[in-house]
Amino acid sequence: MKNAAGHVPGLAVVLVGDRKDSQSYVRFKVKGCEEVGIKSLLAELPRNCTEDEVVDSVSRFNEDPSVHGVLVQLPLPQ
């Protein structure tokens, strides 16, 4: 895609909490991105963060022109 479109696609992930299964799933996403030349960004938030902190992370990624997709890893803590 870099050659065809002139830029590297970017995927951002928001991970909330410390669930081992979610951490593992996100690691595989990051590794997959690296293997195919996609830029990956990760925001790791504590389990006790507020909803506003999650929304702020998504908003920051949304404003970043190098990010073409944002994934919020589920499940989210209450």
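**Close-up views of a predicted model**

According to the UniProt annotation, from an unreviewed entry, residues 4–78 are covered by "domain: Tetrahydrofolate dehydrogenase/cyclohydrolase catalytic". The model shown in these views is predicted.

**View 1. The whole chain alternates between helices and strands.** Start here to get your bearings. The protein chain holds 3 helices and 3 strands, and from the N terminus on they follow the order α-β-α-β-α-β. Within the annotated span, residues 4–78, helix makes up 43% and strand 24%. The C-alpha atoms at the two ends of that span are 43 Å apart. Along its principal axes, the C-alpha trace of the protein chain extends over about 45 × 25 × 15 Å. Of the 78 residues in the chain, 27% count as buried. Now look at contacts with a separation of 6 or more: 74% of them link residues 24 or more positions apart.

**View 2. Three strands line up in an open sheet.** Follow the strands across the sheet and you will meet them in the order β2-β1-β3, with parallel pairing. Why is one side of β2 and of β3 left without a neighbour in the sheet? Strands β2 (39–45) and β3 (69–72) stand at the edges and have a single partner strand each, so one side of each has no neighbour there. From one strand to the next, the twist averages 15°. Between β1 (residues 10–16) and β3, which run parallel, there are 4 bridges. To find your place in this pairing, look for Val 14, which stands opposite Val 72 in β3.

**View 3. Helix α2 packs on the sheet.** This helix, made of residues 20–36, touches β1, β2 and β3. Compare the direction of α2 with that of β1: the angle between them is about 170°.

**View 4. Nonpolar residues gather in a core.** In soluble globular proteins, nonpolar side chains tend to be buried together. The largest nonpolar core here has 9 residues, among them Ala 12, Val 14, Val 16, Phe 61 and Val 67. Ala 43, Leu 45, Cys 49 and Val 54 also belong to this core. Which elements give two or more residues to the core? They are β1, β2 and α3 (51–63). Strand β1 gives the most, with 3 residues. Zoom in on Ala 12 to see some of its surroundings: beyond its neighbours within four places in sequence, Ala 12 is in contact with Leu 41, Phe 61, Val 67, Gly 69, Val 70 and Leu 71.

**View 5. Arg 19 and Asp 21 form a salt bridge.** Side chains of opposite charge can pair when their charged atoms come close. How many salt bridges does a search of the whole structure find? The search finds 1. In this view, the side chains of Asp 21 and Arg 19 meet, at 2.6 Å from N to O. Are these residues buried or partly exposed? Asp 21 is partly exposed, at 45% relative accessibility, and Arg 19 is also partly exposed, with a relative accessible area of 38%.

**View 6. Arg 47 sits in a loop.** You will find Arg 47 between β2 and α3. With a relative accessible area of 54%, Arg 47 is exposed. Setting aside residues up to four places away in sequence, Arg 47 touches Val 16, Gly 17 and Pro 77. For a sense of scale, look across to Pro 65. Arg 47 and Pro 65 are 18 residues apart in sequence, and their C-alpha atoms are 28 Å apart in space.

Methods
Residues numbered from 1 in each chain as written. Predicted model: local features only at pLDDT ≥ 70, side-chain atom pairs only at ≥ 80, totals over all residues. Heavy atoms only, no water. Pairing = 2+ DSSP bridges. Axes fitted to C-alpha atoms, helices over the stretch in contact; angles between N-to-C directions. Contact = heavy atoms within 4.5 Å. UniProt positions renumbered as here; feature names shortened; annotations may be inferred. Salt bridge = Lys/Arg side-chain N within 4 Å of Asp/Glu carboxyl O. Buried < 20%, exposed > 50% of the residue type's maximum accessible area, 1.4 Å probe, protein only. Core = buried A, V, L, I, M, F, W, Y, C linked by side-chain atoms within 4.5 Å.
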